[in-house]
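The following exercises are to be worked with the sequence and the coordinates at hand. Each task is followed by a solution in steps.

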Amino acid sequence: MSLKFYNTASRSKEVFQLLETNDTVKMYCCGPTVYHYAHIGNLRTYIFEDVLRRTLEYHGFSVKHVVNITDVGHLTSDADDGDDKMEKGAARTGKTVWEVAEYYTQAFMKDWKSLNIVEPVIWCKATDHIPEQIQLIQNLEAKGFTYKTSDGIYFDSAKFNRYPEFANLDVENLRQGSRIDMGEKRSATDFALWKFSPPNQKRAMEWESPWGLGFPGWHIECSAMAMHHLGETLDIHCGGSDHVRVHHTNEIAQSECATGKLFSRFWLHGEFLRMGGGKMSKSTGEFLTISLLQKKGFDPLDYRLFALTSHYRNYLNFTWEALENARESLKSLRRKTDPLIGKGGEIKSALALKIQKSFKEAIGDDLNTPMALGVLNEMLKEDLEDFEKASLVLDFDRVLGLNLGQSRLEPLTEVDPSIVKKIEDLLAQRNEARKAKNWSESDKIRDELLKMKVTIQDGPNGTSWSF
Ligand code: AMP
Ligand code: ZN
């Protein structure tokens with residue numbers, strides 16, 4: 001069954017395939033700048049990326065998912081001026097920039113956990129990859145794509161013909177419109193690769209480089225880390241829609257000029273969460289966090305469900321009323337799924353298999369989460385045996401991530417290790433029986449597991465089980 005994604009680069013839905021079969025999907029997602037808490041708008045983007053990763057896995061791919069942590073103080077505006085974000089965070093909190101970075105990184109990871117977002121395979125910090133960034137700038141310098149001003153080394157965007165293509169930019173207008181605040185830049189679309197530390201001023205974060213003491217520009221960090229961890233051509237690169245015009249356009253320019261290769265085959269962008277008609281933004285200081293929602297009595301998964309009710313490429317308007325509706329929907333869903341916990345069995349009836357296929361198609365069609373949720377809700381109304389319903393709930397929840405396999409009403413109990421051993425022994429025997437095509441024996445073992453209230457799920461990577 002094919003998997004299709006809307007690719008910003010081609011402005012169309014394309015079938016997703018790997019270049020080499022059996023390879024791993026190389027996926028890079030732009031992460032947070034850790035000078036403040038993540039707001040629920042940022043988290044909408046990470047939920048979309050989580051659904052993307054889970055969908056790839058659901059469709060049988062394995063994914064090397066890399067997310068960066070921007071802990072270098074790049075400047076508050078995309079145009080390379082304004083204050084340093086990390087130093088601003090330090091001044092606001094009375095901490096050092098390193099403490100600020102650590103504190104907000106931990107807070108960010110806590111938010112991810114609470115939203116049931118699967119951890120990336122690699123978290124990478126910009127400050128751990130300064131040499132790679134310097135090397136990439138040197139490479140661009142050697143190829144003649146850079147120039148020096150009194151405050152830094154800049155990328156010369158006029159040397160990359162395809163610069164306007166990705167975001168459909170009207171570069172001429174941009175150039176004319178911003179003559180005044182261009183400083184020493186040759187073109188409005190040029191951007192800093194390396195900034196010199198201002199003379200007579202000790203910055204909290206600065207590094208030695210072939211150009212003297214300074215710090216990297218923002219865009220270079222993502223290219224350097226993505227290529228370091230995933231190679232010169234990625235399969236998927238994602239972020240929020242605001243990144244298309246500047247950050248990702250610049251990442252493409254510098255990466256493709258350095259390597260001469262396509263930087264990423266697919267680009268996926270999540271649309272913004274809005275509040276009261278405007279965008280939610282960290283820089284204005286007016287934003288909602290997960291812990292605030294919790295203080296108001298919401299479960300973070302209420303917010304996850306709220307995010308899943310709209311397609312990731314549409315704007316989503318946040319209101320408290322809409323969040324309350326999501327909470328009610330999740331409660332009503334759990335009222336139906338909780339009694340099924342532990343009752344799962346093999347999905348085998350034609351109707352159940354058909355419903356499973358519809359779910360896979362919905363989520364595989366550019367992550368249509370509203371439709372996938374519809375399939376789940378309709379399935380629960382169907383005339384299916386409980387064991388099939390139970391297994392379908394668990395199956396769909398591999399993508400939805402609403403933790404429907406765990407009752408919210410009862411705390412999880414510790415499982416006795418001797419019981420775990422018994423289950424695993426039975427699963428090993430069942431695998432042997434299946435290999436030998438001894439179906440009556442494998443059915444007998446499955447029934448024995450069912451009696452122990454164990455649900456089993458056969459997948460491409462073996463058999464998983466849960467209570
Ligand atoms: P930042 O920490 O500001 O670099 O943003 C982290 C991620 O959140 C990026 O992928 C942004 O594109 C995305 N983002 C920022 N604001 C919003 C918003 N209001 N709604 C959805 N995503 C956002
Ligand atoms: Zn990035």
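**Exercise 1. Determine which residues of helix α4 meet which residues of helix α6 in this predicted model, and classify the crossing of the two helices.**

Step 1. On the α4 side, the contact is made by Glu132, Gln133, Leu136, Ile137 and Leu140; on the α6 side, by Ile220, Glu221, Ser223, Ala224, Met227 and His228.

Step 2. Sorted by class, this contact comprises 6 nonpolar, 3 polar and 2 charged residues.

Step 3. The axes of α4 (residues 130-142) and α6 (residues 218-230) come within 9 Å and cross at roughly 105 degrees.

Step 4. Angles of 65 to 115 degrees count as roughly perpendicular; α4 and α6 are therefore roughly perpendicular to each other.

**Exercise 2. Identify the protein donors of the zinc ion (ligand 2) and locate them in the sequence.**

Step 1. The donor atoms are SG of Cys30, SG of Cys222 and NE2 of His247, at 2.0 to 2.2 Å from the zinc ion.

Step 2. Along the chain, the spacing of these donor residues reads C-x191-C-x24-H.

Step 3. Cys222 belongs to helix α6 and His247 to helix α7 (residues 244-259); the two are 25 residues apart, and the pair links distant parts of the chain.

Step 4. The cut-off for a buried residue is under 20% relative accessible area. Cys222 has 1% relative accessibility and therefore counts as buried. His247, at 1% relative accessibility, likewise counts as buried.

**Exercise 3. Establish the order of the strands in the open sheet that contains β3, and state which strands stand at its edges.**

Step 1. The sheet has 5 strands, in the order β5-β4-β3-β10-β11, and the pairing is parallel.

Step 2. The edge positions belong to β5 (122-125) and β11; each has a single partner strand, so one side of each lacks a neighbour in the sheet.

Step 3. On average, and with direction ignored, neighbouring strands of this sheet are turned by 20 degrees against each other.

Step 4. The individual pairings can now be listed. β4 and β5 pair over 4 bridges, with Val66 opposite Ile122 in β5. β3 and β4 (residues 63-69) pair over 5 bridges, and the bridge partner of Met27 in β4 is His65. β10 (residues 234-240) and β11 pair over 6 bridges, with Gly240 opposite Gly270 in β11.

**Exercise 4. Is strand β3 buried or exposed, and how is each of its faces covered?**

Step 1. Of the 5 residues of β3 (residues 25-29), 5 are buried, so the strand is largely enclosed by the rest of the structure.

Step 2. In a regular strand, side chains alternate between the two faces of the sheet, so each face has to be examined separately.

Step 3. Val25, Met27 and Cys29 lie on one side and Lys26 and Tyr28 on the other; all are buried, and both faces are covered.

Step 4. Strand β11 (residues 264-270) is mostly covered as well, with 7 of its 7 residues buried.

**Exercise 5. Describe how helix α7 lies on the strands, and place the burial in the context of the protein.**

Step 1. α7 lies across β10 and β11 and runs at about 155 degrees to β10.

Step 2. The protein contains 15 helices and 16 strands, and buried residues make up 53% of its 467 residues.

Step 3. Among contacts between residues at least 6 apart in sequence, 76% join residues at least 24 apart.

How values were computed:
Residues are numbered from 1 along each chain as its sequence is written. Chains are lettered from A and ligands numbered from 1 in the order in which they are written. This is a predicted model: local features need pLDDT of at least 70, side-chain atom pairs count only at pLDDT 80 or more; totals for chains, interfaces and linings use all residues. Side-chain values use heavy atoms; hydrogens and water are left out. Axes are lines fitted to C-alpha atoms, for helices over the stretch in contact, and angles run from 0 to 180 degrees between N-to-C directions. Angles under 35 degrees count as roughly parallel, over 145 as roughly antiparallel, 65 to 115 as roughly perpendicular and the rest as oblique. Contact means heavy atoms within 4.5 Å. Ala, Val, Leu, Ile, Met, Phe, Trp, Tyr, Cys and Pro count as nonpolar, Asp, Glu, Lys and Arg as charged, and the others, Gly among them, as polar. Donors are N, O and S atoms within 2.8 Å of the metal (3.2 Å for Na, K and Ca); water is not among the atoms, so sites may look incomplete. Buried means under 20% relative accessible area, exposed over 50%, partly exposed in between (1.4 Å probe, protein chains only). Two strands pair if DSSP finds at least two bridges between them.
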